[in-house]
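Visitor: I would like a close look at a single part of this structure. Please take me through one sheet, strand by strand, and then through what lies around the sheet.

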Amino acid sequence: MEELKEVLKYLKDIMSYKLVDGDKVDISIGTLFTIVIVLFAVTYILKLVHKIIVAKLPQDDKNKFLSIFGFLKYFLYILAVITVLHSSGVDLTVLLTASAALFVGLGFALQYLFQDIISGILIILDQSLHIGDIIEVEGKVGRVFETRLRTTRALTRDDKVIVIPNHKFLTDSIYNYTQNHKTTRECVKVGVAYGSDIELVSKLLLEIIDNKKGILKTPKPFVLFEDFGDSSLKFSVNYYTNDSYGDPRIKSDLRFLIDAAFRKNNISIPFPQRDIHIINK
């Protein structure tokens, strides 16, 4: 028992040995030993958290977390060292005061960066956006081909890349055409002159849709008589497709076919007209 007490006293003396002994800085071997233990603990906890978070994610999404966890690791290392030093009696007031202006500047500069990174993490975790999804952002339609922690990239219909900060998916309204499934309903609108045979109009539109490639047979296409316009009777032919990204080409082909069919059957597509009455006094 006496030997154990001697050993403990000897270890205590070693841990209390002052490596740095000043007015405001007081660092002992025990302080360094505590820092090492805390760093090992932080590393182990981060590995455990990383394993739990990415357990059910695809391999590509798992790789995206490597950079964010690497950043968190060094951030927590610095925080742990500062905490241990402060607990050991080291006066950090001078250091924090000198760095205050720097921290404020960094805070403003990194505000949107962290906002995008957190949004990217949430997107990956809840799987709300996938590679290949067709989205509409600020009037631009694109197919997502890459999601990163800070940005998402999509290829527009005119082969241009649109880079979207991830925070927009949480703060703005984003249309996702393929969130639930790849099938979307589209339509082409057309107006015919008053006095036209509307039964024939409906029949022609359905025949054109029925023979067009890229349009699904089920659900069935249908025609809506939408309104009595100022200059025309307004119709829309509605159909379903699995290619919403290439839909503008389908609509263009349909308009060509509709124009040809209407010309053949003497159905006119009117343009707005106004009568001007001049009163001569």
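Guide: Start with one pair of residues: Asp-227 has Lys-234, in S10, as its bridge partner. This is a predicted model, and that applies to everything that follows. The strands concerned are S9 and S10, the latter covering residues 233-241, and they pair in the antiparallel sense over six bridges. In general, the strands of a sheet pair through backbone hydrogen bonds, either parallel or antiparallel.

The sheet has three strands, is open, and runs in the order S8-S10-S9 with antiparallel pairing. Strand S8 (184-192) and strand S9 (222-228) are the edge strands, since each pairs on one side only. From one strand to the next, the twist averages 25 degrees.

Two helices belong in this picture. Helix H6, residues 198-210, packs on the sheet and touches S8, S9 and S10. The direction of H6 makes about 25 degrees with that of S10. Helix H7, residues 247-264, lies across S8 and S10 and runs at about 30 degrees to S8.

Now the aromatic side chains on S9 and S10. The structure holds two aromatic pairs. In one of them, the ring centres of Phe-225 and Phe-228 are 5.2 Å apart and the planes are at 55 degrees, so this pair counts as tilted. The other joins Phe-225 to Phe-235: the distance is 4.6 Å centre to centre, with 15 degrees between the planes, and the pair is stacked. Phe-225 is in strand S9 and Phe-235 in strand S10, 10 residues apart, and their pair links distant parts of the chain. Phe-225, Phe-228 and Phe-235 form one aromatic cluster. How buried or exposed is each member? Phe-235 is buried, with a relative accessible area of 3%. Phe-225 is partly exposed at 36%, and Phe-228 is exposed at 57%.

Return to helix H7 for its charged side chains. Side chains of opposite charge can pair when their charged atoms come close. Asp-247 and Lys-251 meet in a salt bridge, 3.3 Å from N to O. These two residues are four apart in H7, so about one helical turn separates them. Asp-247 is buried, with a relative accessible area of 2%. Lys-251 has 19% relative accessibility and therefore counts as buried as well, because the cut-off is under 20%. Further along in numbering, the side chains of Arg-263 and Asp-259 form a salt bridge of 2.9 Å, N to O. Arg-263 and Asp-259 are also four residues apart in helix H7, about one turn. Here Arg-263 is exposed at 62% relative accessibility, while Asp-259 is partly exposed at 32%.

Away from these elements, one more salt bridge may be added. Among the 10 salt bridges of the structure is the one between Glu-138 and Lys-168, at 3.5 Å from N to O. Glu-138 sits in the loop between strand S3 (134-137) and strand S4 (140-147), and Lys-168 in helix H5 (residues 168-171), 30 residues away. Glu-138 is exposed, with a relative accessible area of 68%.

One last contact involves a charge and a ring: Arg-143 lies over the face of Tyr-245, at 4.0 Å from the ring centre.

How values were computed
Residues numbered from 1 in each chain as written. Predicted model: local features only at pLDDT ≥ 70, side-chain atom pairs only at ≥ 80, totals over all residues. Heavy atoms only, no water. Pairing = 2+ DSSP bridges. Axes fitted to C-alpha atoms, helices over the stretch in contact; angles between N-to-C directions. Contact = heavy atoms within 4.5 Å. Salt bridge = Lys/Arg side-chain N within 4 Å of Asp/Glu carboxyl O. Buried < 20%, exposed > 50% of the residue type's maximum accessible area, 1.4 Å probe, protein only. Phe/Tyr/Trp six-rings, centres within 6.5 Å; stacked < 30°, edge-to-face > 60°. Lys NZ or Arg CZ within 6 Å of the ring centre and 35° of its normal.
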